[in-house]
Each structure stands twice: as C-alpha cells, then as structure tokens.
Amino acid sequence: MSTLTATWHWLADPANWSGDDGVRHRLLQHLVLTVVCLVLSCLIALPVALVLGHLGRGGALAVNISNVGRAVPTFAVLVLLLLTPVGSWGEGPTVVALVLFAVPPLLTNAYVGMREVDRGVVQAARGMGMTGRQLLLRVELPLALPMILNGARIAAVQLVATATIAALAGGGGLGRIITAGFNLASTPQVVAGALLVAVFALVVEGVFEIAERLAPGWARGGR
C-alpha cells in the first residue's frame with residue numbers, strides 16, 4: 001500500500017475524526033488559536049500603523065522593528081518563552097509567539113496603505129474643515145482598507161500554517177495529529193496532518209478572497 005493510499009484510508013476512517021484526539025476537535029482548537037492570535041495581533045498592530053500612517057512620522061522605524069520578527073524563527077521564540085515565567089501560562093507561550101509572528105504583515109500593510117492614500121484627497125478633506133480624527137476615520141482608513149485586509153489575509157494564512165507549533169508546547173490543534181504520527185512512526189498520519197493544515201490554509205485564503213469579492217467597491221480599492 002502506497003503512502004498516499006494509506007493516508008486516504010486514515011482520513012476516511014471515522015474513528016480518526018471523533019473524540020478529543022480526533023480531527024474535528026483538533027481542527028476546532030486550531031481555528032480558535034488562529035482567530036485569537038489574529039485578533040490580538042490586529043489590536044496591537046493596527047492602531048500603531050494607523051496613527052503613524054496618519055501622522056507620517058516614525059512609521060518606517062516601526063515597520064523595520066516589526067520586520068525583525070520575521071528573521072527570528074517562531075519556534076525559537078516559543079522555546080525561549082517556555083524557559084520564562086510565561087511558560088507556565090498554558091497556551092500563553094504559543095499565543096505570544098504567534099502574535100509576534102503575525103504583527104509584521106499587519107503593521108507593514110496597514111502603514112503602507114495609509115501612506116499611499118492620495119495626498120490630494122487628504123488635502124481636500126482638510127480644506128473642508130475635517131479634524132484629524134475625522135480625516136483618519138472617514139477618509140484615510142476607508143481608502144487604506146484594501147491594504148489592511150491584505151495584511152490580515154497574509155497574517156491569517158501564516159498563522160494557520162505556523163500554529164502547528166502549539167503541539168510542541170503541549171497545546172492543541174492539528175499539530176497534535178502530526179506529532180502523534182511521529183510518535184507512532186505512522187507516516188500516513190503525519191502526511192494526513194500536514195495535508196489537513198494545508199487544506200485549512202487554502203480555505204482561509206479562499207474565505208478572504210470571497211469576502212473581498214463581496215465587499216463594496218471602496219473596500220476593494222475600486223476594483
């Protein structure tokens with residue numbers, strides 16, 4: 001029996017989809033972890049990017065600092081966090097590591113989107129007497145939204161792929177299927193787990209694409 005055939009049989013076995021170690025439960029854990037980390041990353045990155053983009057000062061420095069996180073492997077960050085008091089917070093180390101990983105694309109895309117807003121439109125809005133807050137919320141933010149959503153899409157897909165490291169810290173998610181496969185020396189289970197993560201990432205990508213197509217024209221950059 002080939003590996004692909006054995007993988008298909010593993011995925012087709014109902015026993016592998018039920019229970020606390022089943023695919024359904026692990027998929028739900030993976031989804032919750034991804035959503036939580038994405039929301040936290042947005043709460044950290046977007047306010048900073050929007051304010052700096054609006055002011056036009058300090059943004060390049062913030063983006064460069066955030067991009068340093070891309071050069072540091074998420075797994076290395078997770079290991080270091082496990083050696084600190086944060087390591088006793090259950091899913092805490094995994095969440096912190098993933099949030100740090102997701103911040104750069106969110107911050108970069110949001111800042112660039114704000115700075116690419118047509119300066120003529122901004123000046124016209126100022127000439128109409130708009131305050132800085134009104135200018136940010138009513139003019140710059142709507143026009144920068146396509147880039148912001150693109151950053152969120154990139155971060156979400158990256159989180160889905162990287163959240164498998166939660167299993168290395170004793171957490172849940174689809175990564176547990178992969179690590180269990182290694183422990184059992186079951187290649188079909190390892191391949192099945194990797195395939196599930198890949199399909200999940202493609203589904204998330206598709207959801208963002210559909211959301212973009214269904215969004216109003218102004219939210220799609222006029223496309």
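Residues 24 or more positions apart supply 71% of the contacts in the protein chain that have a separation of 6 or more. That figure, like the rest of this section, refers to a predicted model. The fold behind it is easy to state: the protein chain holds 9 helices and 0 strands, and the order along the sequence reads α-α-α-α-α-α-α-α-α. Of its 223 residues, 42% count as buried. The accessible surface amounts to about 11900 Å², and carbon and sulfur atoms make up 69% of that area.

A good place to enter the interior is the largest nonpolar core. This core has 54 residues, and the members that touch the most other members are Leu33, Cys37 and Leu98. Helix H5, spanning residues 92-115, gives the most to the core, with 11 residues. The surroundings of Leu98 show how separate parts of the sequence meet here. With residues up to four places away in sequence left out, Leu98 touches Leu33 and Cys37, and also Thr74, Leu159, Thr162, Ala163 and Ile165.

Helix H2 deserves a closer look. This helix covers residues 23-55, and its 33 residues should span 48 Å at 1.5 Å a residue; the C-alpha atoms at its ends are 47 Å apart, so the expected and modelled spans agree. The helix nevertheless carries a kink of about 25 degrees at Ala45, shortly before the proline Pro47. Just after H2 comes Gly56, with a positive phi of about 75 degrees.

Two residues of H2 give a feel for its environment. Arg26 is found in this helix, and its relative accessible area is 6%, under the 20% limit, so this arginine counts as buried. Which side chain makes a polar contact of 2.5 Å with that of Arg26? The partner is Asp21, joined to Arg26 through side-chain atoms. Beyond its neighbours within four places in sequence, Arg26 is in contact with Asp20 and Asp21 on one hand, and with Gly172, Gly173, Leu174, Arg176 and Ile177 on the other.

Ser41 is a second example from helix H2. Its relative accessibility is 0%, and Ser41 is therefore classed as buried. The C-alpha atoms of Ser41 and Val103 are 5.3 Å apart in space, although 62 residues separate the two in sequence. Val103 is also one of the residues that Ser41 contacts once neighbours within four places are set aside; the others are Leu46, Val99, Ala102 and Leu106.

The region that follows Gly173 and Leu174, both contacts of Arg26, leads to helix H8. Gly175 lies in this helix, which runs over residues 175-183. With a relative accessible area of 2%, Gly175 falls under the 20% limit and so is buried. Its C-alpha atom is 8.4 Å from that of His30, a residue 145 positions away in sequence. His30 is also touched by Gly175, as are Thr164 and Ala167, when residues up to four places away are not counted.

Beyond H8, the loop that leads to helix H9 (187-214) contains Ala185. This residue has a positive phi of about 55 degrees although it is not a glycine. Is Ala185 buried or exposed? Its relative accessibility of 70% is over the 50% limit, so Ala185 counts as exposed.

Two further helices complete the tour. Ala125 has its place in helix H6, residues 119-127, and at 4% relative accessibility it counts as buried. The C-alpha atoms of Ala125 and Leu135 are separated by 6.7 Å, with their positions 10 residues apart along the chain. Ala125 touches Leu135 as well as Met130 and Val139, leaving out residues up to four places away in sequence. In helix H4, residues 74-82, the residue to note is Val79. At 33% relative accessibility, Val79 counts as partly exposed. Pro93 lies 14 residues from Val79 along the chain, and their C-alpha atoms are 8.4 Å apart.

Conventions
Residues numbered from 1 in each chain as written. Predicted model: local features only at pLDDT ≥ 70, side-chain atom pairs only at ≥ 80, totals over all residues. Heavy atoms only, no water. Helix = DSSP H or I, 4+ residues; strand = E, 2+ residues; numbered from the N terminus. Buried < 20%, exposed > 50% of the residue type's maximum accessible area, 1.4 Å probe, protein only. Contact = heavy atoms within 4.5 Å. Areas by Shrake-Rupley, 256 points an atom, 1.4 Å probe, with all protein chains shown as cover. Core = buried A, V, L, I, M, F, W, Y, C linked by side-chain atoms within 4.5 Å. Expected span 1.5 Å × (residues − 1). Bend = angle between axes of the 7 residues up to and from the residue. Polar contact = N/O pair within 3.5 Å; in protein donor to acceptor, adjacent residues only side chain to side chain.
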